[in-house]
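Here's a quick tour of one protein model, taken a piece at a time. Have the sequence and the 3D view open while you read.

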Amino acid sequence: MLLVLAGCGDPDGGTVTTDQSPTAAGSAPAGSASDPADGDATGQPPAGRTGGTLSPTEPPLIGTPTAPPSHPTELRKANVLAGRLSRGGSGPCYTLVTDDGREYALHGTGKGTFATGTWVRVTTAPATAEVDCGPGVPVSILKMSPVS
């Protein structure tokens with residue numbers, strides 16, 4: 001059926017044989033696959049064309065890494081933290097533990113109620129000296145939101 005749609009088959013569903021083919025009878029139109037100027041049925045490029053490279057230069061070779069990167073490969077804002085709350089509640093003190101195990105003592109009034117174990121993203125500012133929210137690196141909360 002595909003050959004019929006493409007115009008290469010018999011409308012009744014039969015196949016075209018070599019003796020029925022226009023190329024076998026020598027009546028191929030100019031520019032067809034049997035035209036020597038455009039190449040032949042063996043897949044060779046047309047006369048005057050070569051199958052050479054597309055660029056006159058070779059692409060650079062990239063070496064195999066010998067060790068993991070020594071510095072982070074993604075830039076992040078220094079005042080944004082993400083992690084799990086090990087002490088939640090309605091504030092003003094929270095404790096955050098990041099993926100690398102670092103603990104932060106967060107302080108912020110009116111920032112919301114968060115259950116212990118909630119994953120959050122926190123935009124921070126330097127801590128105020130008169131507030132002590134317990135163990136960890138002290139920071140003030142500018143914004144805190146749950147991460148889903």
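In which strand does Ser145 lie? Ser145 lies in strand β5, which spans residues 137–146. One thing to keep in mind while looking around: this is a predicted model.

## The overall layout

The protein chain has one helix and five strands, and reading along the sequence gives the pattern α-β-β-β-β-β. Of its 148 residues, 19% count as buried.

Now for the contacts. Taking those in the protein chain with a separation of 6 or more, 46% come from residues 24 or more positions apart.

## Two serines on β5

Back to Ser145. With a relative accessibility of 26%, Ser145 counts as partly exposed, because that value falls between the 20% limit for buried and the 50% limit for exposed. Leaving out residues up to four places away in sequence, Ser145 touches Phe114, Trp119, Val120 and Arg121. Ser145 and Ala82 are 63 residues apart along the chain, and their C-alpha atoms are separated by 9.7 Å.

Ser140 also lies in strand β5. Is Ser140 buried or exposed? Ser140 counts as buried, at 12% relative accessibility. Its side chain reaches the backbone oxygen of Pro126 at 3.2 Å. Pro126 turns up again among the residues Ser140 touches, together with His107, Thr123, Thr124, Ala125, Ala127 and Thr128, once residues up to four places away in sequence are set aside.

## Thr123 on β4

One of those partners, Thr123, is found in strand β4. Thr123 is partly exposed, with a relative accessible area of 23%. Skipping residues up to four places away in sequence, the contacts of Thr123 include Ser140, Ile141, Leu142 and Lys143, and Asn79 and Val80 are among them too.

How far apart are the C-alpha atoms of Thr123 and Val80? They are separated by 4.5 Å, although the two residues are 43 residues apart along the chain.

## The disulfide and a cis proline

The disulfide count comes to one. Cys93 and Cys133 form it, with their sulfur atoms 2.0 Å apart. The link is left-handed, with -65° about the S-S bond. Cys93 sits in strand β2 (residues 93–98) and Cys133 in the loop between β4 (119–126) and β5, so the pair ties together parts that are 40 residues apart in sequence. Cys133 has a relative accessible area of 7%, so it falls under the 20% cut-off and is buried.

Also worth a look is Pro92, in the loop between β1 and β2. The peptide bond from Gly91 to Pro92 is cis, with omega near 5°.

## The largest pocket

What is the volume of the largest pocket? It comes to about 250 Å³. The lining is made up of Arg76, Val80, Leu81, Ala82, Thr98, Asp99, Asp100, Arg102, Tyr104 and Arg121. By class, that lining has five charged, four nonpolar and one polar residue.

Which strand gives the most to the lining? Strand β1 (residues 80–87) does, with three residues. Some names here have come up before: Val80, a contact of Thr123, is one of the lining residues, and Arg121, which Ser145 touches, lines the largest pocket as well.

How values were computed:
Residues are numbered from 1 along each chain as its sequence is written. This is a predicted model: local features need pLDDT of at least 70, side-chain atom pairs count only at pLDDT 80 or more; totals for chains, interfaces and linings use all residues. Side-chain values use heavy atoms; hydrogens and water are left out. On a 1 Å grid over the protein atoms alone, a cavity is a set of points where a 1.4 Å probe fits but cannot get out, and a pocket is an open set with protein on both sides within 12 Å along at least five of seven lines; lining residues have an atom within 4 Å of a point. Grid points are joined across faces, edges and corners, and a volume is the space filled by probe spheres set on the points. Helices (H or I, at least four residues) and strands (E, at least two) are DSSP runs, numbered from the N terminus. Ala, Val, Leu, Ile, Met, Phe, Trp, Tyr, Cys and Pro count as nonpolar, Asp, Glu, Lys and Arg as charged, and the others, Gly among them, as polar. Buried means under 20% relative accessible area, exposed over 50%, partly exposed in between (1.4 Å probe, protein chains only). Contact means heavy atoms within 4.5 Å. A disulfide is a pair of cysteine sulfur atoms within 2.5 Å. A polar contact is a pair of N or O atoms within 3.5 Å; within protein, one must be able to donate a hydrogen and the other to accept it, and residues adjacent in sequence count only if both atoms are side-chain atoms.
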